[in-house]
Amino acid sequence: METTTKTTANTVLTPAQLLAHWQGHRGLTRRVIEAFPENELFSYSIGGMRPFAAMVEELLGIAAPGIQEIVEKKTVELKEKLNHENSKEKLLAFWDDTTAKINAYWSTMDNVDYNRVYLSFGTYEGTVQSAIFYFIDNEIHHRAQAYVYLRSLGIEPPHFYER
């Protein structure tokens, strides 16, 4: 039996479906982080790109603070540096903490206007919807870079479609 969620005629995804989609990507990105040998996570680079840990810091600096801005309607400073001490375990703890914060903020988004225009991090103009899509798309982009890194290290990355 197929279940359906009531939506309006102009709705493609409900907020709950959008969050599930994003968290599916976040779970996959977490498995990519886990796949890295600890040293290479923080040091390995190809063609002048940043190590994957630096990309993860960017993702963490955007995700929960970005949703916080949307919910609280207050500008949040973009911070992309974490005190992870080059520890994969600590980086994963930051990842899990951010996941919990996203879920907590999301649970308060019932009355959010997804078409409201605002300046994300006080700089990037767009709608709430376009900002959330950027958060997801940016994660996919950096995860793809990590796939190249893993393959060049002889490591098979998790299947991208297993979310």
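# Exercises on a predicted model

K73 is exposed, with a relative accessible area of 62%. This structure is a predicted model. The exercises below start from K73.

## Exercise 1: Backbone angles in a loop

Task: Find where K73 lies and what is notable about its phi.

Solution.
- Step 1. Locate K73: the residue belongs to the loop between α3 and α4 (88-106).
- Step 2. Check accessibility. The cut-off for exposed is over 50%, so K73, at 62%, is exposed.
- Step 3. Read phi. K73 is not a glycine, yet its phi is positive, at about 55 degrees.
- Step 4. Recall the background. Most residues other than glycine have a negative phi.
- Step 5. Look at N86, which lies in the loop between α3 and α4. Phi of N86 is also positive, near 50 degrees, and N86 is a residue other than glycine.

## Exercise 2: Aromatic pairs

Task: State how many aromatic pairs a search of the whole structure finds, then classify the pair F36 and F52.

Solution.
- Step 1. Count. The search gives five aromatic pairs.
- Step 2. Take F36 and F52. Their centres are 5.4 Å apart, with 20 degrees between the planes.
- Step 3. Apply the cut-off. Planes under 30 degrees apart count as stacked, so F36 and F52 are a stacked pair.
- Step 4. Place both residues. F36 is in the loop between α1 (15-35) and α2 (38-43), and F52 is in helix α3 (residues 52-72). They are 16 residues apart, and the pair links distant parts of the chain.
- Step 5. Add burial. F36 has a relative accessible area of 1% and is buried. F52 is buried too, at 0%.

Task: Are the rings of Y44 and Y149 stacked or edge-to-face?

Solution.
- Step 1. The ring centres of Y44 and Y149 lie 5.6 Å apart, and their planes are at 90 degrees, so the pair is edge-to-face.
- Step 2. Y44 is in the loop between α2 and α3, while Y149 is in helix α5 (residues 128-152). The pair therefore ties together parts that are 105 residues apart in sequence.
- Step 3. Compare accessibility. Y44 is partly exposed at 22%, whereas Y149 is buried at 0%.

Task: Which residues form one aromatic cluster?

Solution. The cluster consists of W22, W106 and F135.

## Exercise 3: Charges over rings

Task: Which ring does the charged end of R26 sit over, and where does R116 lie?

Solution.
- Step 1. The charged end of R26 is over the ring of W95, 3.9 Å from its centre.
- Step 2. R116 is over the face of Y118, 5.2 Å from the ring centre.

## Exercise 4: Packing of α1, α3 and α5

Task: Describe how α1 packs with α5.

Solution.
- Step 1. The axes of α1 and α5 come within 10 Å and cross at roughly 25 degrees.
- Step 2. The two helices are therefore roughly parallel. Their crossing is left-handed.
- Step 3. List contacts. Residues of α1 including L18, W22, R26 and V32 meet residues of α5 including I132, F135, I140 and L150.

Task: Are α3 and α5 roughly parallel or roughly antiparallel?

Solution.
- Step 1. α3 and α5 pack at about 165 degrees, with axes 10 Å apart.
- Step 2. The cut-off for roughly antiparallel is over 145 degrees, so α3 and α5 are roughly antiparallel.
- Step 3. α3 passes α5 in a left-handed crossing.
- Step 4. In the contact, F52, M55, L59 and G66 are among the α3 residues, and V128, N138, A146 and Y149 are among those of α5.

Task: Describe how α1 and α3 cross.

Solution.
- Step 1. Their axes come within 12 Å and cross at roughly 155 degrees. That makes α1 roughly antiparallel to α3.
- Step 2. α1 passes α3 in a left-handed crossing.
- Step 3. The contact involves W22, R26, T29, V32 and I33 of α1, with F52, V56, L59, L60, A63 and I67 of α3.

## Exercise 5: Two buried residues

Task: Is E58 buried or exposed, and which residues does E58 contact?

Solution.
- Step 1. E58 is found in helix α3.
- Step 2. Its relative accessible area is 11%, so E58 is buried.
- Step 3. Neighbours within four places in sequence are left aside. E58 then contacts R50, E80, Y134, N138 and H142.

Task: Where is A131, and what separates its C-alpha atom from that of G66?

Solution.
- Step 1. A131 is in helix α5. At 8% relative accessibility, A131 is buried.
- Step 2. A131 and G66 are 65 residues apart along the chain, and their C-alpha atoms are separated by 7.9 Å.

Definitions and conventions. Residues numbered from 1 in each chain as written. Predicted model: local features only at pLDDT ≥ 70, side-chain atom pairs only at ≥ 80, totals over all residues. Heavy atoms only, no water. Phe/Tyr/Trp six-rings, centres within 6.5 Å; stacked < 30°, edge-to-face > 60°. Helix = DSSP H or I, 4+ residues; strand = E, 2+ residues; numbered from the N terminus. Buried < 20%, exposed > 50% of the residue type's maximum accessible area, 1.4 Å probe, protein only. Lys NZ or Arg CZ within 6 Å of the ring centre and 35° of its normal. Axes fitted to C-alpha atoms, helices over the stretch in contact; angles between N-to-C directions. Parallel < 35°, antiparallel > 145°, perpendicular 65-115°, else oblique. Left-handed = near helix turned anticlockwise from the far one by under 90°. Contact = heavy atoms within 4.5 Å.
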